[in-house]
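This report looks at selected residues and at the surroundings of the bound ligands. Please keep the sequence and the structure in view while reading.

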Amino acid sequence: MNDSFESERQLEYIEKIRKQNSGRTLKYCSVVFGCQMNEKDSEKLCGMLECMGYIKTEYEKDADLIIYNTCTVRENADKRLYGRLGVAKQYKRDNPDLIICLCGCMMQEEHVVQKINTSYPYVNLIFGTHNIFKFAELLYAVIETGDRVTDIWKETDLIVEDLPSRRKYPFKSGVNIMFGCDNFCSYCIVPYVRGRERSRKREDIINEIRALASDGVVEVMLLGQNVNSYGKGLSESVSFAELLDEAANIDGIKRVRFMTSHPKDLSDELIDTIRDNPVIARHIHLPLQSGSDRILSLMNRHYTKEDYLRLADQLRTKIPDISITTDIITGFPTEEEKDVEDTLDVIDKVCFDGAFTFEYSKRTGTAAAVMDGQLSKEKMQEFFDRVLKKVQETSKKQAMRFEGSEMDVLVEGINEKDPSMLTGRISQNNVVHFKNCGVSVGSFVKVRLDECQGFYYNGTQVF
Ligand code: 5AD
Ligand code: SF4
């Protein structure tokens with residue numbers, strides 16, 4: 001359900017807070033943990049805060065309001081939040097008016113909210129993933145009453161459009177195309193904390209991208225947990241491939257990326273669409289998770305090693321310059337030597353251009369958390385090291401294939417270590433550093449990739 005009434009209500013709360021804040025210089029600090037979905041949600045929160053009159057600061061210690069957008073996909077994300085909250089207690093001591101807000105995936109877990117209630121009483125506002133559009137209303141209640149406000153929804157079918165957003169980059173932006181996930185991979189907490197899959201209407205997405213393009217955005221990243229199943233439940237019949245193609249044909253949009261694809265839903269239509277439209281990036285992130293059929297079945301992934309190899313082969317045959325990156329989990333319950341051998345075999349055969357490797361992390365409430373055969377820390381580490389070594393080899397080898405070629409590069413910024421250099425990305429997503437000859441950030445330039453340094457290149461701009 002798309003609710004324009006709700007967005008109007010929220011804009012009224014934003015206005016009320018803006019009036020209260022007028023004449024005062026109040027600063028906010030936004031801290032984001034986790035994935036691009038959270039980054040995108042935080043851009044919306046920042047947009048709302050700026051409309052309320054708050055000014056951004058990068059430092060929690062200088063802020064009058066801190067908002068932590070949390071992640072719970074692996075345990076270390078949880079630990080990082082508690083560390084940060086411990087430090088924030090000191091800031092609150094120095095500035096008792098400081099407002100501390102918590103939102104995002106971790107807050108959807110009951111045991112987390114209980115822990116915050118007992119151990120972090122100085123937190124002012126807690127809300128979850130389903131009601132971030134209500135931020136202004138909830139913050140208003142905190143300011144008015146001085147009480148702690150907690151509002152966590154278990155589910156929603158609401159998609160609230162047209163609230164303000166503050167983009168991190170002027171020239172590129174993420175665009176949500178769907179929320180939630182219905183896949184229930186057995187290790188994954190996401191379906192529990194982000195709810196059921198809901199697609200945004202095609203028209204809303206396309207209008208947002210058009211507006212971004214007229215505001216100077218040249219690259220968009222279409223975001224969803226499983227973009228290949230986009231469109232389910234919409235009254236209009238539209239596939240992800242159609243949406244992607246339409247996005248890539250919008251005037252002013254020069255590059256379109258998307259994240260994340262699930263191998264079980266990757267269609268021939270999508271592969272052909274990428275091949276035929278050069279605006280679509282030559283990059284696909286296609287999480288493998290494991291190369292072992294037995295583990296894949298326990299993970300509830302609905303594909304086999306052979307299925308994955310067939311897909312990768314199709315991608316490489318139809319689009320030879322595509323880069324394929326992946327996610328791999330090592331140490332899933334019951335994983336053995338021969339399972340890891342299968343994973344290493346897939347890495348070798350697909351020759352991944354890049355991979356995020358994770359040690360399995362037990363998430364309370366998921367099916368895998370109660371499986372027998374949880375691995376020891378040592379075994380997990382051993383498997384992890386072997387997988388990591390192999391993906392480093394293949395990604396280095398793959399990056400070498402572009403050495404010497406001239407590529408279109410989107411200039412993303414001035415090099416942090418050396419301001420005489422610029423940093424950009426090629427369509428395949430690899431980073432390139434090259435001498436700053438006066439081009440502006442956000443423009444596309446031709447760069448020769450002179451030297452491959454493993455994950456990045458040193459290049460020269462070609463005139
Ligand atoms: N343990 C380790 N890695 C996980 N991921 C998701 N859940 C877990 C978990 N419990 C990884 C998957 C996913 C990526 C975003 O995070 O590889 O693709
Ligand atoms: Fe988690 Fe699987 Fe959904 Fe990805 S597809 S968010 S891994 S349940």
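Leaving aside residues up to four places away in sequence, Ser-186 touches Leu-298, Met-299, Asn-300, Phe-332, Thr-366, Ala-367, Ala-368 and Met-371 in this predicted model. Ser-186 is found in the loop that runs between strand E8 (178–179) and helix H6 (190–194). Is Ser-186 buried or exposed? Its relative accessibility is 5%, and because buried means under 20%, Ser-186 counts as buried.

The next residue along the chain, Tyr-187, belongs to the surroundings of ligand 1, which also include Val-73, Arg-74, Gln-289, Asp-327, Ile-329, Phe-358, Glu-359, Tyr-360, Ser-361 and Arg-363. Sorted by class, this shell holds five nonpolar, two polar and four charged residues. Three of its residues are listed below with their polar contacts to ligand 1.

| Residue | Atom of the residue | Atom of ligand 1 | Distance |
|---|---|---|---|
| Asp-327 | polar side-chain atom | oxygen | 2.6 Å |
| Gln-289 | N or O atom in the side chain | oxygen | 2.7 Å |
| Tyr-187 | polar backbone atom | nitrogen | 3.0 Å |

On its own, ligand 1 has 400 Å² of accessible area, and the protein covers 85% of that area. The elements that contribute two or more residues to the shell around ligand 1 are strand E13 (323–330) and strand E14 (354–359).

Tyr-187 appears again around ligand 2, where the surrounding residues are Cys-181, Asn-183, Phe-184, Cys-185, Tyr-187, Cys-188, Val-190, Pro-191, Gln-225, His-262 and Arg-301. What is the make-up of the shell around ligand 2 by class? It has seven nonpolar residues, together with three polar residues and one charged residue.

A second serine, Ser-173, has its place in strand E7 (residues 172–176). Ser-173 counts as buried, because its relative accessibility of 5% falls under the 20% limit. When residues up to four places away in sequence are not counted, Ser-173 touches Lys-40, Arg-167, Leu-212, Val-217, Glu-219, Val-220 and Met-221. Asn-430 lies 257 residues from Ser-173 along the chain, and the C-alpha atoms of these two residues are separated by 18 Å.

Conventions. Residues are numbered from 1 along each chain as its sequence is written. Chains are lettered from A and ligands numbered from 1 in the order in which they are written. This is a predicted model: local features need pLDDT of at least 70, side-chain atom pairs count only at pLDDT 80 or more; totals for chains, interfaces and linings use all residues. Side-chain values use heavy atoms; hydrogens and water are left out. A residue is near a molecule or strand if one of its heavy atoms lies within 4 Å of it. Ala, Val, Leu, Ile, Met, Phe, Trp, Tyr, Cys and Pro count as nonpolar, Asp, Glu, Lys and Arg as charged, and the others, Gly among them, as polar. Helices (H or I, at least four residues) and strands (E, at least two) are DSSP runs, numbered from the N terminus. Buried means under 20% relative accessible area, exposed over 50%, partly exposed in between (1.4 Å probe, protein chains only). Contact means heavy atoms within 4.5 Å. A polar contact is a pair of N or O atoms within 3.5 Å; within protein, one must be able to donate a hydrogen and the other to accept it, and residues adjacent in sequence count only if both atoms are side-chain atoms. Accessible areas come from the Shrake-Rupley method with a 1.4 Å probe; for residues, only the protein chains shown count as cover.
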